Amino acid sequence: MENILSFLEENKQVLIPVCMFLTVIIIGVLIFYFNKKNRMLREFKKSRKKSVNSIKRKEYAKIIGNAKHIEVPLIAPLSGRKCVYYHVTVEVKTDKNWRKIIDDVKSQDFFIATNTEKAIVKASNLDKSFKYIHLVKDFNKNSGFRNDAPEKLEAYLKEYSKKSMGLFGINKQMRYREGVIELDEDIAVKGVAEWKKLNEPLEGYSYSKILILTGTKKQKLLVTDEPKALLRVNVL
């Protein structure tokens, strides 16, 4: 014991920075492991994708398919793409970091289609704590010094009473990100299943009942276009 204490005393100048370095590494690994995206991917990995007609009521089931609109599609504000869901963020650079000034989310219920089968994904009018939707931000623009914001972006900023220019007409350093669930895009969905009898037919769907995927606080509705979640496995 005395030898150990003596060793620690003699090498404390080296041990302290090593311990600090290891602490930073451990914290980083924990943050990565428990972030929302990775928790979602682990949840998708727990189950195989299922055919719509094999899913039972109250089952927490995964479907991989294509997004189809039920209502008139949304139009993504930055890219102009037809979609059923979009998420736009706009950030401005401050002295030390980026500050979010716009966080714009719009959604509607939509079909997920697999071959000849369809289910409804209840993405709208669902409590935020009951769902988690992660989209790849595949539309990216920047504006700043000697790089004016295009008219379309400027018009979008104006809707939120924001401008790309600061004092004396100098451009702010800004970045614009948009993720969408585009029509016919491959997506993965996991949700709590409910079968609903249809009193009136839905356009594009000819059966008397339809599967609806929704979410609860414990079993959230998960929706993503993340490639890792779209890995195809045998259908159960």
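The legends below accompany close-up views of a predicted model.

**Figure 1. Overall content of the predicted model, with four helices and 12 strands.** The protein has 236 residues, of which 40% are buried. Among contacts between residues at least 6 apart in sequence, 69% join residues that are at least 24 apart. The protein exposes about 15,300 Å² of area, and carbon and sulfur atoms supply 55% of that area. A search of the whole structure finds 13 salt bridges, several of which appear in the later views.

**Figure 2. The largest nonpolar core, a set of 23 residues.** The residues with the most contacts inside this core are Ile63, Phe110, Ile181, Val189, Leu211 and Val223. At least two residues of the core come from each of strand S1 (60–69), S3, strand S5 (110–114), strand S6 (117–121), strand S10 (186–197), strand S11 (209–214) and strand S12 (221–224). Apart from this core lies another one, made of 18 residues that include Ile102, Leu153, Tyr176 and Val180. In soluble globular proteins, nonpolar side chains tend to be buried together.

**Figure 3. The surroundings of Leu211, one of the residues with the most contacts inside the largest nonpolar core.** When residues up to four places away in sequence are not counted, Leu211 touches Val52, Ile55, Ile63, Ala119, Ile120, Ala193, Glu194 and Trp195. Among these partners, Ile63 is likewise listed with the residues that have the most contacts inside the core.

**Figure 4. Val90 in strand S3 (residues 82–93).** Val90 has a relative accessible area of 0% and is therefore buried. Leaving aside neighbours within four places in sequence, the residues in contact with Val90 are Arg99, Lys100, Ile101, Ile102, Tyr156, Leu157, Met174, Arg175 and Tyr176. One of these partners, Tyr176, is 86 residues from Val90 in sequence, yet the C-alpha atoms of the two residues are 4.6 Å apart in space. Tyr176 and Ile102, both in contact with Val90, are among the residues of the 18-residue core.

**Figure 5. The salt bridge between Arg175 and Glu91, with an N to O distance of 2.6 Å.** Because Arg175 lies in strand S9 and Glu91 in strand S3, the pair ties together parts of the chain that are 84 residues apart in sequence. The two partners are covered to unlike extents: Arg175 is partly exposed, with a relative accessible area of 22%, whereas Glu91 is buried, with a relative accessible area of 16%. Elsewhere, salt bridges that share partners join Arg81, Asp138, Glu178 and Glu182 into one network.

**Figure 6. Glu43 with its two salt-bridge partners, Lys190 and Lys46.** The side chains of Lys190 and Glu43 meet in a salt bridge with an N to O distance of 2.9 Å. This pair links distant parts of the chain, with Lys190 in strand S10 and Glu43 in helix H3 (residues 36–45), 147 residues apart. Glu43 also forms a salt bridge with Lys46, in which the closest N and O atoms are 3.3 Å apart. Glu43 counts as buried at 18% relative accessibility, and Lys190 counts as buried at 3%, whereas Lys46 counts as exposed at 66%. Side chains of opposite charge can pair when their charged atoms come close.

**Figure 7. Polar contacts of Asp104 in strand S4 (residues 98–107).** Asp104 counts as buried because its relative accessibility is 5%, which is under the 20% cut-off. The side chain of Asp104 makes a polar contact of 3.0 Å with the side chain of Lys106, and another of 3.1 Å with the side chain of Tyr160. Not counting residues up to four places away in sequence, Asp104 touches Pro77, Tyr86, His87, Val88, Tyr156 and Tyr160.

**Figure 8. A nonpolar patch on the surface, formed by Leu167, Phe168 and Ile170.** Together, these residues have about 430 Å² of accessible area. Ile170 is found in the loop between helix H4 (151–159) and strand S9 (174–182), and at 52% relative accessibility this residue counts as exposed.

How values were computed
Residues are numbered from 1 along each chain as its sequence is written. This is a predicted model: local features need pLDDT of at least 70, side-chain atom pairs count only at pLDDT 80 or more; totals for chains, interfaces and linings use all residues. Side-chain values use heavy atoms; hydrogens and water are left out. Buried means under 20% relative accessible area, exposed over 50%, partly exposed in between (1.4 Å probe, protein chains only). Contact means heavy atoms within 4.5 Å. Patches are made of residues with over 30% relative accessible area and no salt bridge: like charges are joined within 9 Å, nonpolar side chains (Val, Leu, Ile, Met, Phe, Trp, Tyr) within 5 Å. Accessible areas come from the Shrake-Rupley method with a 1.4 Å probe; for residues, only the protein chains shown count as cover. A salt bridge is a side-chain nitrogen of Lys or Arg within 4 Å of a carboxyl oxygen of Asp or Glu. A polar contact is a pair of N or O atoms within 3.5 Å; within protein, one must be able to donate a hydrogen and the other to accept it, and residues adjacent in sequence count only if both atoms are side-chain atoms. A nonpolar core is a set of buried Ala, Val, Leu, Ile, Met, Phe, Trp, Tyr and Cys residues joined through side-chain atoms within 4.5 Å.
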